[in-house]
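Please look over the chain below before reading on. The report starts with the fold and then turns to single residues.

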Amino acid sequence: MVERVLNQTMTLSNGVEIPVLGLGVWKSSNTEASNAVQSAISNGYRLIDTAKQYGNQPGVGAGIQKALKDNHLNRKDLFITTKVYNGDQGYESTLRAFEEQLKELRLTYLDLYLIHWPVDGKYIDTWRAMEKLYREGRVRAIGVSNFDISRLQDLLDHTDIMPQVNQMEFNPLVQEAELISYMNAIGMSMEAWSPLGGGQALNDPTILEIAQKHDKTSAQVILRFDYQMGLITIPKSVHEERIIANTMLDEFELSEAEMLAIQRLNQEKRSLWYEDFAWHTPHRQQAFADSVDSWDDRSEYLPK
């Protein structure tokens, strides 16, 4: 009998087991995130990924608590990830933000805490605060997100603990081959955000042809590709039918030729990168100024 991808885990460098497939909740309101988390957990998901910047931590926290009760699960059955918001980076500010995030999520610890972006001049102090949380047992694993090789190396040169995870944009159009090779060499795991690559990847003729051959959706082919590449992946959906469909990766396998065909789609064209942020290019016109997504339903989900 084939073991479901949904039930499989990867061992991080510190020995912690992380599911290889989870749910992302970017661009979801608190209500949508709460409902999606409940649907995902009831259908077998155990990895849930959010961030302060998404503005939906209260909804995720409410969804987790409801799902634990409805499915007769314990907190230890889940793997919950959130991230240090760019505006909170720094040593003391990261420690304060962590406490606030736990309250919003209604949790007493995190399974994985990530630096959301490597904010210039701040990410090393941020990492030292995360090392403190890790040593105290408040977090089971710590990692980074959107770190290129030079910033990873800088972090390793100035801190004590290697990140267990680097969460990067990864999909058929952005495959980060050089970075993955570097990470594999030092034992760091890659987690994919935006794993489906949006409409351009989902509607690519190569992907569509492979999907038709296997009688699968484009999304299922891409997620199977991620799995065979050895990545952790967190597709986002707020629709239960898609949340379920994204787990149906077990009854087919991509051939070596199909894997190579998808690898040839790589353009290394990221949708968002350092130069897009005001913290990196403060004088650039239309530089992205960090803000937490605001949802009208936020107050409904804050812990009482």
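What follows describes the overall fold, an annotated domain and two residues.

## Overall build

This is a predicted model. The protein chain has 12 helices and 10 strands. Its radius of gyration is 19 Å, close to the 19 Å that the globule rule gives for 304 residues, so the chain is as compact as a globular protein of that length. Along the principal axes, the C-alpha atoms fill a box of roughly 55 × 45 × 40 Å.

How much of the chain is buried? Of its 304 residues, 56% count as buried. Now take the contacts in the chain with a separation of 6 or more. Residues 24 or more positions apart account for 75% of them.

## Surface and charge

The accessible surface of the protein chain comes to about 13,400 Å². Carbon and sulfur atoms hold 48% of that surface.

The chain carries 30 positive and 43 negative side chains. The centres of these two sets lie 5 Å apart.

## The annotated domain

UniProt, in an unreviewed entry, lists residues 21-266 as "domain: NADP-dependent oxidoreductase". Over this stretch the chain is 47% helix and 13% strand. The end C-alpha atoms of residues 21-266 are 22 Å apart.

## His116

Which residue does the UniProt annotation "binding site" cover? It covers His116, and the entry is unreviewed. His116 is found in a loop. Before that loop comes β6 (112-115), and after it comes α4 (123-135).

Is His116 buried or exposed? Its relative accessibility is 7%. Buried means under 20%, so His116 counts as buried.

What does His116 touch, leaving aside its neighbours within four places in sequence? It is in contact with Ala51, Gln53, Tyr54, Lys83, Val84, Asn86, Ser145 and Asn146.

## Arg75

Arg75 also has a place in a loop, between α2 (57-70) and β5 (79-84). Its relative accessibility is 16%. The cut-off for buried is under 20%, so Arg75 counts as buried.

Which residues does Arg75 touch, not counting those up to four places away in sequence? They are Leu68, Ile80, Leu107, Tyr109, Leu110 and Asp111. Of these partners, Leu68 falls within the span of α2 (57-70). Ile80 falls within β5 (79-84). Arg75 therefore touches residues of both elements that flank its loop, and counts as buried at 16%.

Key. Residues numbered from 1 in each chain as written. Predicted model: local features only at pLDDT ≥ 70, side-chain atom pairs only at ≥ 80, totals over all residues. Heavy atoms only, no water. UniProt positions renumbered as here; feature names shortened; annotations may be inferred. Helix = DSSP H or I, 4+ residues; strand = E, 2+ residues; numbered from the N terminus. Buried < 20%, exposed > 50% of the residue type's maximum accessible area, 1.4 Å probe, protein only. Contact = heavy atoms within 4.5 Å. Rg over C-alpha atoms; globule rule 2.2 N^0.38 Å. Areas by Shrake-Rupley, 256 points an atom, 1.4 Å probe, with all protein chains shown as cover. Lys, Arg positive; Asp, Glu negative; His and termini not counted. Charge placed at Lys NZ, Arg CZ, Asp CG, Glu CD.
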